[in-house]
Amino acid sequence: MAASRLPFRNHPDRDTAIKEAHDRPFLPLTVPTTLHHLAFLTPDRASRLALYAAVFGLESAASAPHTVREDGDLTVRLEPHTEFMSLTLISASGPEAGAARIAEIAAHTPDSAELLVALRLSLVDEPGPICDDTIGGVMRGNLVLATTARPEEDGFISIEVAVAEMGPAQLGRRIQRLLEAETYRTLALIGIAVARRFAPVLDKLEGDLADVTESLTEGRESDEDILEKLQKLSARTEAMRAATSYRFAASTAYAKLVEERLEALLEVKLEERATLSGFITASLGPAVRTIASTERRQDELSKAIGRALDILRTRVDVSMDKANQEIMRSMNERQHRQLVLSEAVEGLSVIAISYYLLGLLAYPVRALKAVHVLPVSEYVALGILAPFVAGAVYTIMRRIRARWDADDA
């Protein structure tokens, strides 16, 4: 696209956004025409490039863009989407040319590109005979639709559209909407297969959670064992959600696209036949509800595991509080015993120190007695001194104890 001449700084994605709006044009169609429409799931860039090479005969490609090419009587259209690529072959000379080209492409299509949709749509002047299992109605523009919605022997679902009067561009838009509706329907229904595949896993997880919750309530197992089981349940649940979240979200988005395409077709009933819109809605509605229900169950399971973990955490916290209270009570009792023992030791220390001090004082008392200075006997003198010595020692010990207590505070 040519660079903008406007005197402003362009947003880096402006050209991409403008190009995207014109990058998928509707192809004009006339009667009679046969369209073969295929859709392949392409999970990675390598499979896209390989499919692109298989369709257009290229050994390699820098990208796999939306491409329309004329190849003799065929118009070949390869269109990339988010997770799949659609291939449409348009022939005005009958179905043989499209079928032959598909056979050639199949020989080079990689196994990683898995087929999802195979439609063969025929544009005719007059409606064909009506069978008992035919469904279809009258679409916008008086297009008469008829299909069995079942694969035929060659694997294609055959759709016939009778065109009265409609311009090629308008007819191309209508048919493109019809092909998109059937393609998106198939992609949306992949989610129901995933939901059914994971249903037993979800049932098992819910049952295991019920058992763990019962053990948590009745206290049959230790908190450590219950915590280990809840952690494993949480990991398994998150793994399941990771494996299904993209597919479920994609199915919901595709279902909305199908509704938009069906609204654009404006199909009404033809006689007593069921309409294709009604058939698609009848199959898609329950599938979407099942997917939504599975998602809700997964969310509720995850929340229930979280609640169980909260209960276990609360119980552990209460147990720890009780244990801490017991430790504090034991520490208080131990401290009280230590205080009693300390006071007893302190009393014994007063007695011991006083005894040794009196022993030391006996020497000067005896000396005073020897020089006839002491008017009483040494025993009387020591007996008189004993209470004063003990009192002095006790006072000194109390002051030392008081100073220690002050320093600790």
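Let me begin with a network of salt bridges that links Arg-177, Glu-180, Glu-260 and Arg-261, where a salt bridge is a side-chain nitrogen of Lys or Arg within 4 Å of a carboxyl oxygen of Asp or Glu. Please keep in mind that this is a predicted model, in which local features need pLDDT of at least 70 and side-chain atom pairs count only at pLDDT 80 or more, while totals for chains, interfaces and linings use all residues. Residues are numbered from 1 along each chain as its sequence is written, and side-chain values use heavy atoms, with hydrogens and water left out.

Within that network, the side chains of Arg-261 and Glu-180 meet in a salt bridge at 2.4 Å, N to O. This pair links distant parts of the chain, with Arg-261 in helix 5 and Glu-180 in helix 4, 81 residues apart; helices here are DSSP runs of H or I with at least four residues, strands are runs of E with at least two, and both are numbered from the N terminus. Arg-261 and Glu-180 are both buried, a word that stands for under 20% relative accessible area, with exposed being over 50% and partly exposed in between (1.4 Å probe, protein chains only).

Helix 4 also offers another pair, Lys-204 and Asp-208, whose closest N and O atoms are 2.9 Å apart in a salt bridge. Because they are 4 residues apart in helix 4, about one helical turn separates them. Lys-204 is partly exposed, with a relative accessible area of 47%, whereas Asp-208 counts as buried at 17% relative accessibility.

What, then, is the nearest side chain of opposite charge to Arg-174, which is buried yet has no salt bridge? For Arg-174 that side chain is Glu-180, 11 Å away, where Lys and Arg count as positive and Asp and Glu as negative, with His and the chain ends not counted. Arg-174, which lies in helix 4 (residues 168–218), is in contact (heavy atoms within 4.5 Å) with Arg-140, Leu-143, Met-166 and Leu-265, leaving aside its neighbours within four places in sequence.

Turning to the nonpolar side, the largest nonpolar core, meaning a set of buried Ala, Val, Leu, Ile, Met, Phe, Trp, Tyr and Cys residues joined through side-chain atoms within 4.5 Å, has 38 residues, and those with the most contacts inside it include Leu-35, Leu-171 and Leu-178. Helix 4 gives the largest share of this core, 9 residues. Leu-178 itself touches Leu-121, Met-139, Leu-145, Ile-159, Val-161, Leu-265 and Leu-276, not counting residues up to four places away in sequence.
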